[in-house]
Amino acid sequence: MTSTLQEGILVGCGNPLLDISAVVPLDFLQKYSMNEDDAILAEDRHMPIYGELVQGYQAEFLAGGSVQNSLRIAQWILRQPRVAVFFGCVGEDRYASILKEKAQAAGLDVHYQVKTDVPTGTCAVLITGTHRSLCANLAAANNFTIDHLEEPSNKALVDNAQYYYISGFFLTVNPPSIMQVAATAHAKQRPFLMNLSAPFISQFYMAPLLAALPYVDIIFGNEAEAQAFAEAQQWPSGDLREIGKRLVAMEKKNPTRPRIAILTQGCDPVLLIQQDSVQEFPVTKLAAHEIVDTNGAGDAFVGGFLSQFVQGKSLDVCIRCGNYAAGHIIKNPGCTYSGEPEFVE
């Protein structure tokens, strides 16, 4: 990286979760009525899962939560601390301390809202072969309130940022906060980026998603998430390119900056969909033995993208860096990296 970026240029809001990651047999998933590659919110029947992982398996603790992951990866590639600011809610407990320590070590400027009456959120990351299934108990993360963003020091951080990124997952927590950040981005003519995050967001949280979408300049998603959105909108859901074209054509508050959709499809090419074009960016296929854990590939893609986007690089450079980051992450357990970044434009 040649130039020094302004501190706090990128603001993200999301659910800070401590990932509890372990390799488990398939019948462990079946016991909790889960499928491979699920991404679900924990119900009462899932609550024993976290203790069982810690006690019965070789569980690892990793700083998690989709947005926090993406910002950690962006920081790793940028090699300059405190470029990214993260907001989310945690409890007042050991898990919160571990999370904060890991996030700050990664270079993040974290401003957690702390709730004393609820535990820090956790996410069970269940690894079966190259598949990973997620079961998130949001706990404190679910208690984020807009008044945290209205505290003068935090409001200044939001106002001073040049780029904003929020996950669809946050729609389950506090839509007013999303709308406030979106309105700030719109008023200041600054890019607002969002992620479809998981099929269940389109299935159960379409109303807040549709409220936020007019503000969104760049929308990310994978093929399953895009298809879930299409089905919820009663669009034909077979053709990813067609879904992307429809997504970018939806209502937008600032028509002078047309929406862009970036859709990933595993080892198939990434689609960059703009008003009048669809471009493909090939993904380097890894050998089966190189793939350790696909958990975090999507978060890493966004992190790689953001690391270049905040430097004003072209979309093709941003996407290539996203592919680089995702390819690196899946060779490691969880959303973790090793060594120095080696992305070359």
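**Notebook: helices H3 and H13, and a few loop residues**

I began with H13 in this predicted model: 12 of its 15 residues are buried, so the helix is largely enclosed by the rest of the structure. I listed the buried residues, among them Leu-315, Val-317, Cys-318, Ile-319 and Gly-322. Then I asked myself which elements the buried residues of H13 pack against. They pack against helices H3 and H12 (297-309), and against strands S11 (218-222), S12 (260-265), S13 (268-274) and S14 (277-281).

**H13 length check**

I compared the span with the expected rise. At 1.5 Å a residue, the 15 residues of H13 should cover 21 Å, and the end C-alpha atoms are 21 Å apart, which agrees.

**Over to H3**

I ran the length check on H3 too. Its 13 residues should span 18 Å at 1.5 Å a residue; I found 19 Å between the end C-alpha atoms, which agrees. I also looked at burial: 13 of the 13 residues of H3 are buried, so this helix is largely enclosed by the rest of the structure.

**How the two helices meet**

At what angle do H3 and H13 pack? I read about 105° between H3 (residues 66-78) and H13 (residues 315-329), with the axes 12 Å apart. Since 65 to 115 degrees counts as roughly perpendicular, that makes H3 roughly perpendicular to H13. I then noted who touches whom: from H3 come Ile-73, Trp-76 and Ile-77, and from H13 come Cys-321, Tyr-324, Ala-325, His-328 and Ile-329. I sorted the residues of this contact into seven nonpolar, one polar and no charged.

**Positive phi values**

I looked just past the end of H3, where Arg-79 has a positive phi of about 55°. Arg-82 lies in the loop between H3 and strand S5 (84-91). Its phi is near 65°, a positive value in a residue other than glycine. Is Arg-82 buried or partly exposed? I have it as partly exposed, at 38% relative accessibility.

Asp-37 went on my list too: its phi is positive, about 70°, although Asp-37 is not a glycine. I placed it in the loop between helix H1 (26-31) and strand S3 (39-41). With a relative accessible area of 39%, Asp-37 is partly exposed.

**A last stop at Arg-246**

I found Arg-246 in helix H11 (residues 240-249), partly exposed at 33% relative accessibility. Leaving aside residues up to four places away in sequence, Arg-246 touches Trp-235 and Pro-236. I also checked Ala-230, which is 16 residues from Arg-246 along the chain; their C-alpha atoms are separated by 8.9 Å.

Technical notes. Residues are numbered from 1 along each chain as its sequence is written. This is a predicted model: local features need pLDDT of at least 70, side-chain atom pairs count only at pLDDT 80 or more; totals for chains, interfaces and linings use all residues. Side-chain values use heavy atoms; hydrogens and water are left out. Axes are lines fitted to C-alpha atoms, for helices over the stretch in contact, and angles run from 0 to 180 degrees between N-to-C directions. Helices (H or I, at least four residues) and strands (E, at least two) are DSSP runs, numbered from the N terminus. Angles under 35 degrees count as roughly parallel, over 145 as roughly antiparallel, 65 to 115 as roughly perpendicular and the rest as oblique. Contact means heavy atoms within 4.5 Å. Ala, Val, Leu, Ile, Met, Phe, Trp, Tyr, Cys and Pro count as nonpolar, Asp, Glu, Lys and Arg as charged, and the others, Gly among them, as polar. The expected span of a helix is 1.5 Å times one less than its number of residues. Buried means under 20% relative accessible area, exposed over 50%, partly exposed in between (1.4 Å probe, protein chains only).
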